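Colleague: Before I rely on the labels attached to this model, I would like to hear the reasoning behind them. Could we take them one at a time?

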Amino acid sequence: MRAAVLVGPNQLEMQDVPTPKAGPGELVLRVGANTVCGTDGRILRGEKTAGVRQGVIMGHEFSGYVHEIGEGVEGYREGDLVGVMPTVPCLRCYYCINHLEHVCINAKLFGYWIDGGLAEYVLVSAEAIERGAIVVADPSADPAEIALAEPLGCVLNGVDNYGIDIGDTVLIIGAGPIGLLHTMVAKQMGASQIIVVNRSAGRLEVAKEVGATHTALTGDVDVPEFVKDLTGGLGANVAVQCIGVLDLFQTALQSVRNGGRVNAFAGFPKGQMASIDPNLIHYNELTVTGGSNMGRNNYRRAVQLIGDGSINVGALLTEPFALEDAAEAIAHASAGKGIKTAVIPG
Ligand SMILES: [Zn+2]
Ligand SMILES: [Zn+2]
């Protein structure tokens with residue numbers, strides 16, 4: 001089969017590799033779609049190395065059709081469309097035992113360590129199946145949409161951490177795919193005002209289509225003032241930072257009302273410090289949370305919400321790429337072109 005193999009920094013090679021066979025307890029999936037994200041670019045450029053194996057087949061956001069069922073595997077039928085949660089938690093460490101499997105310290109990830117979805121077929125180990133990484137999707141769903149259960153599941157974990165109440169004003173900083181997913185979920189959860197700010201204009205139009213009630217360019221407005229003007233001087237209930245620009249963290253803290261919540265959802269450049277006024281947290285009694293991955297509960301919810309049409313992630317899919325052009329697809333996503341780029345084998 002053809003596969004996109006990480007050979008070294010900036011070297012993603014299309015190779016002929018043996019097509020996997022399902023041993024006892026294993027599954028082989030025919031990849032339906034693999035969407036790419038900024039993390040793929042960081043792995044490929046060698047900026048992200050933790051848990052990454054040289055020689056791995058890349059791709060961590062994917063879905064597939066059950067192609068071969070190993071001896072003893074139950075609960076799947078040939079042809080089932082399934083989503084793959086890329087993180088396989090150990091279920092034994094302190095965090096897994098304490099309901100925090102999304103920060104498991106022994107997790108192995110598809111597309112980082114385990115061969116991933118930028119290939120024609122993927123082998124799913126007995127371990128990954130037993131630990132709940134494979135979720136059957138609605139058979140009529142678009143496989144590229146089911147691939148987006150990965151980022152959506154991560155967003156649902158973030159929402160669990162920061163909380164949205166019906167009637168809330170939510171500020172989303174950054175209108176990349178992740179900011180747009182937070183926008184969709186905030187709308188679904190009953191936020192009354194969803195304010196999306198971004199550096200460039202193009203995606204603000206998309207933000208409006210998927211639920212933003214107000215948008216602005218970060219260069220055009222003073223963001224905290226803009227938000228306060230829309231909320232009777234109070235500020236937002238919650239601000240979600242979806243772009244790793246350090247200065248905007250202070251902006252997020254300034255944009256929420258007393259007792260408000262700020263979520264650092266985006267990753268920031270490694271080793272760099274943000275300058276913030278901690279008195280905003282102290283006097284205004286703010287709650288600051290993070291969010292970077294998901295557990296099985298959120299992955300399952302994401303597959304279901306996409307399958308039943310509650311969250312229309314298809315609105316984020318732009319021009320797909322062929323498997324042979326996987327490296328171009330990652331470069332395309334890294335350059336901020338398109339919104340969500342899917343690689344479709346075959
Ligand atoms: Zn991703
Ligand atoms: Zn663990």
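What follows is a conversation about a predicted model, in which labels are set against their cut-offs.

Colleague: What makes the arrangement around the zinc ion (ligand 2) tetrahedral?

Modeller: The protein donors there are the SG atoms of C90, C93, C96 and C104, lying 2.3 to 2.4 Å from the zinc ion (ligand 2), and a sulfur atom counts as a donor within 2.8 Å of the metal. The angles subtended by the four donor atoms run from 103 to 117°, and four donors are called tetrahedral if all angles lie between 85 and 135 degrees, so the arrangement around the zinc ion (ligand 2) is tetrahedral.

Colleague: What spacing do the donors of the zinc ion (ligand 2) follow along the chain?

Modeller: The spacing is C-x2-C-x2-C-x7-C. Within that pattern, C93 in the loop between β6 (87-88) and α2 (94-97) and C104 in the loop between α2 and β7 (108-109) form a pair that links distant parts of the chain, 11 residues apart. Both C93 and C104 are buried.

Colleague: Which atoms coordinate the zinc ion (ligand 1), and what does the pair C37 and H60 tie together?

Modeller: The zinc ion (ligand 1) is coordinated by C37 (SG), H60 (NE2) and E61 (OE) at 2.1 to 2.3 Å, with the donor residues spaced C-x22-H-E in sequence. C37 lies in the loop between β3 (27-36) and α1 (38-44), whereas H60 lies in the loop between α1 and β4 (61-69), so the pair ties together parts that are 23 residues apart in sequence. Both C37 and H60 are buried. Water is not among the atoms, so a site may look incomplete.

Colleague: How do you know that the buried residues of α11 are on the same side of the helix?

Modeller: The buried residues of α11 are N298, Y299, A302, V303, L305 and I306. They cover an arc of only 165° around the axis, which puts them on the same side of α11. What covers these buried residues includes β4, β5 (81-84), β9 (134-136), α4 (143-147) and α5 (149-162). As for its length, α11 (residues 296-307) has 12 residues and reaches 16 Å from its first C-alpha to its last, close to the 16 Å expected at 1.5 Å a residue.

Colleague: Why is the contact of D160 with R301 called a salt bridge?

Modeller: The closest N and O atoms of D160 and R301 are 3.2 Å apart, and a salt bridge requires a side-chain nitrogen of Lys or Arg within 4 Å of a carboxyl oxygen of Asp or Glu, so the label applies. This pair links distant parts of the chain, D160 in helix α5 and R301 in helix α11, 141 residues apart.

Colleague: Why do D160 and R301 count as partly exposed?

Modeller: Buried means under 20% relative accessible area and exposed means over 50%. D160 counts as partly exposed because its relative accessibility is 44%, and R301 does because its relative accessible area is 35%.

Colleague: What does the salt bridge of R53 and D115 tie together?

Modeller: The side chains of R53 and D115 meet at 3.1 Å, N to O. R53 lies in the loop between α1 and β4 and D115 in the loop between β7 and β8 (121-124), so the pair ties together parts that are 62 residues apart in sequence. R53, at 27% relative accessibility, counts as partly exposed, and D115, with a relative accessible area of 32%, is partly exposed.

Methods. Residues numbered from 1 in each chain as written. Chains lettered and ligands numbered in written order. Predicted model: local features only at pLDDT ≥ 70, side-chain atom pairs only at ≥ 80, totals over all residues. Heavy atoms only, no water. Donors = N, O, S within 2.8 Å, 3.2 Å for Na, K, Ca; no water. Tetrahedral: all angles 85-135°; square planar, octahedral: opposite > 155°, others 65-115°. Helix = DSSP H or I, 4+ residues; strand = E, 2+ residues; numbered from the N terminus. Buried < 20%, exposed > 50% of the residue type's maximum accessible area, 1.4 Å probe, protein only. Expected span 1.5 Å × (residues − 1). Arc of directions from axis to C-beta. Contact = heavy atoms within 4.5 Å.
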